[in-house]
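Thank you all for coming; I would like to take you through a structure that will be new to most of you. Please have the sequence and the model open while I talk.

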Amino acid sequence: MKKVYINSAVTISAQDTFESDRFLKSVKKLSGKTIVARYPNYKDYIATANLRRMAEGVKMGVTAASKALKDAKITQPDAIITGTGMGCIDDTEKFLNAIISNDEQFLTPTAFIQSTHNTVGAQIALGLQCKAYNNTYSHAALSFEWALMDAQLRLQQEEAENVLVGGYEELGKEIINYRRMMEDADGFGIQVPYSEGASFFVVSSEKTEHSVELIDMEAHSTLSTTSIQDSLKQFLAKNNVDISQIDVFVSGRNGDVFDSYYDLTAELFENITQLQYKHLSGEFYTASAFGLWTAYSMLSRQEIPEAMIFKGEIKFDNHIILIYNQFKGRDHSFILLKR
Amino acid sequence: MGVAITGMGIISAIGHSVEENNTSLLTSTTGIGNLQHIQTIHSQAIKAGEVSLSNAELTRQLQLPEVHNYTRTGLLGLFAATAALENANISDLSKYRTGFISSTTVGGMDMTEKYIKQFDKDITAQKYIATHHAGDSTRKIADALGIKGLVTTISTACSSAANAIMLGARLIKAGKLDRVIVGGTDSLSKFTINGFKTLMIQSDSICAPFDAHRNGLNLGEGAAYLVLESDAVIQKEKKEVLAFLSGYGNTNDAFHQTASSENGEGAFLAMQKALEIAKLNPNQIDYVNAHGTATPNNDLSESRALQRVFGKKLPDFSSTKSFTGHTLAAAGAVEAVFSILTLQQQYIFPNLNFKTPMPETGFKPITSGVKKETQHVLTNSFGFGGNCSTLIFSKA
């Protein structure tokens, strides 16, 4: 079975991460109910005529994808795979509100056309004239993970050599506020703002000087607090990785009551450096793609941003990182990376 | 030979079981008509393939508690997925690594569009805030069936279920799963009715795929799932195989966000890829269950693609959208069930309402049901965003 490498990683997020080389050295403290991403200058990546029609998620997705390809020096990927939990929610709300306020009359198609979940994958394909495999996953907090697992499968089965894979989310204007309202009504709810962003990667069966190896990954729709430790142990054993070999543990802590899953997992390790990222990215269904970006950057640059420390010390020689994310005690994912 | 199919379940405008769907197909009985459940000002101007059961009736038949937060998409999906598992005679899910791969385009839109303006204050409406996203119905169905591991949702517009079936087959082939339930579900919504209305591709009568005077599609709703099992499980459990999924292809037309290219490039490539995986020559395909939505654009583009793949030896083909309407994300799974029925019965279902060949190709679909020796069936699903998928099913 072919090995899988991540050869480039790009993220647009609430932090200054897109064209900055400073890897979370100066971070913005996020507060409030929701927070928008730091939008790049899209005109450098997308023709002005096309920009007008695009909602924020499409703009972020296409832009991040374009830079990920450029960084990996790939012009035509063998597959384009995206993940998004809420899809093109901005245009969805726009069209829905037009239906409601005009009693189903005098509607124009633009927002409807752009509202399907696969719009980002489609726009990337259109821009590249890429007729290859094209797929979109929309499965809550596993949307991005499934895109990455599909990419892994294509590379392992030698159906592709270079796959463009990414996750994106836009805030939208309405449903997000209700989701926040419900969250805040829950005393044990998410403690970071809801946010948005786009993270894209080129994964490949070819190793380059910037490669980080994706050893393996796994997803579980449900795992109980009593089975989480065993599941992780089994995953590591399957990949012949000993718990002591893991240098860094990156978790998707968001301050809600389900952080207990991360605490239970951390118990397995002695003196490990525990990192978190959702206080930097905000929470959204594909925030874990931001988590992967941090892990890729840590391994390829051999540096750990101070802002990510949850517990433990900054180490300087790191080989293996474990990323674990879940959402509300559901949709668990393990990702194992190696320098 | 491909990946074995051991069960199927379906609910659509032409029936609530595989048997009922089959009967409607055999008797040329369309399910397209006037809307019963959805309230829309366009109800006089369109015809649609609505599932006759109301949400309350679905709830009762599924033996769910009266108060729940299933959307119609979730109810239809659970109905068909449960039937698929039963059909495959599977009761103990823990025995093998079992996955669930669903697909939807509208997700929980049917409830969102009803209740969004009450979300701020109405406590009874608030339970639908969390059901809008596409993964909601999938997760509910997986939980109800007891599937805990690999569970996901694909959303590539009208090619979604074909891609779900394809992913399931790839996971089985790669040895990552022993068994997987694959398919899709979509309910009708004001959102899609109005969306297709703005595109002016919705017919006011029962659609006429591949006809020269075709004037658009009928929307439909429904859900369908297949059970795929590995060769090892088939042997161990001595399972009866309904048919094999022998080929699949996924490509992108990369032409336009909604329209298909004139020469059907994406469709052509998807069919080629599927033939390649199935290791079949075009002349080995006995029947094509076409995407055939009856929009002027799709049917011409698909015809051109068929012409390019099959040359002068075009196999028998028909579109069954004139029975069910276009069930969007579910279409690929609905038509997979029909393709398998064709293989099982050696019988090709007709393309209703066809009268005049389109002048560009002169293609004539099968217009009345016909008995025919059928080894391999190819079926197409294309969607917005240029997503094109082809599946090939082979006789067990």
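Before anything else, a word on contacts: two residues are in contact if their C-beta atoms, placed from the backbone, lie within 7 Å. Please also keep in mind throughout that this is a predicted model.

With that meaning of contact, let me begin with chain B, where residues 24 or more positions apart account for 80% of the contacts with a separation of 6 or more. The chain contains 12 helices and 14 strands, and its C-alpha trace spans about 60 × 55 × 40 Å along the principal axes. For 396 residues, a compact globule would have a radius of gyration near 21 Å, and the 19 Å of chain B agrees with that. Of those 396 residues, 63% count as buried.

One element of chain B that deserves a closer look is helix H7, residues 190-198, in which 8 of the 9 residues are buried, so the helix is largely enclosed by the rest of the structure. The buried residues run through B:Lys190, B:Phe191, B:Thr192, B:Ile193, B:Asn194, B:Gly195, B:Phe196 and B:Lys197. What do they pack against? Within chain B they meet helix H4 (109-115) and strand S6 (219-220), and from chain A they meet H3 and H4. Just after H7(B) comes B:Met200, which takes a positive phi of about 55°.

That brings us to the place where the two chains meet, with 48 residues of chain A in contact with 52 residues of chain B. On the chain A side, the elements that each supply at least two residues include helix H3 (89-101), helix H5 (119-128), helix H6 (143-156) and strand S6 (212-222). The residues of this side of chain A divide into 24 nonpolar, 18 polar and 6 charged.

A single residue of chain A, A:Asn118, is worth following here, and you will find it in the loop between H4 and H5 of chain A. Is A:Asn118 buried or exposed? With 33 C-beta neighbours inside 10 Å, A:Asn118 counts as buried, because 20 or more are needed for that. Leaving aside residues up to four places away in sequence, A:Asn118 touches A:Thr136 in its own chain, and B:Ser155, B:Thr156, B:Ala157, B:Gly385 and B:Asn387 in chain B.

Let me finish with helix packing. Two packed helices are described by the angle between their axes and the distance between the axes.

In chain A, helix H2 (residues 56-71) packs with H5(A) at an angle of about 50°, the axes being 9 Å apart, and the two are therefore oblique to each other. Their crossing is right-handed. On the H2(A) side the contact involves A:Gly57, A:Val58, A:Gly61, A:Val62 and A:Ala65, which meet A:Thr119, A:Val120, A:Gln123, A:Ile124 and A:Gly127 in H5(A); these residues divide into 5 nonpolar, 5 polar and no charged.

In chain B, helix H9 (residues 265-278) and helix H10 (residues 296-310) pack at about 40°, with axes 8 Å apart, and they too are therefore oblique to each other. The crossing of H9(B) and H10(B) is right-handed. Among the residues making the contact are B:Phe268 and B:Met271 of H9(B) and B:Glu302 and B:Arg308 of H10(B), and the contact as a whole divides into 5 nonpolar, 2 polar and 2 charged residues.

Methods
Residues are numbered from 1 along each chain as its sequence is written. Chains are lettered from A and ligands numbered from 1 in the order in which they are written. This is a predicted model: local features need pLDDT of at least 70, side-chain atom pairs count only at pLDDT 80 or more; totals for chains, interfaces and linings use all residues. Helices (H or I, at least four residues) and strands (E, at least two) are DSSP runs, numbered from the N terminus. The radius of gyration is taken over C-alpha atoms; the globule rule is 2.2 Å times the number of residues to the power 0.38. A residue is buried if 20 or more other C-beta atoms lie within 10 Å of its own, exposed if 12 or fewer, and partly exposed in between; C-beta atoms are placed from the backbone. Axes are lines fitted to C-alpha atoms, for helices over the stretch in contact, and angles run from 0 to 180 degrees between N-to-C directions. Angles under 35 degrees count as roughly parallel, over 145 as roughly antiparallel, 65 to 115 as roughly perpendicular and the rest as oblique. A crossing is left-handed if the near helix is turned anticlockwise from the far one by less than a right angle, and right-handed if clockwise. Ala, Val, Leu, Ile, Met, Phe, Trp, Tyr, Cys and Pro count as nonpolar, Asp, Glu, Lys and Arg as charged, and the others, Gly among them, as polar.
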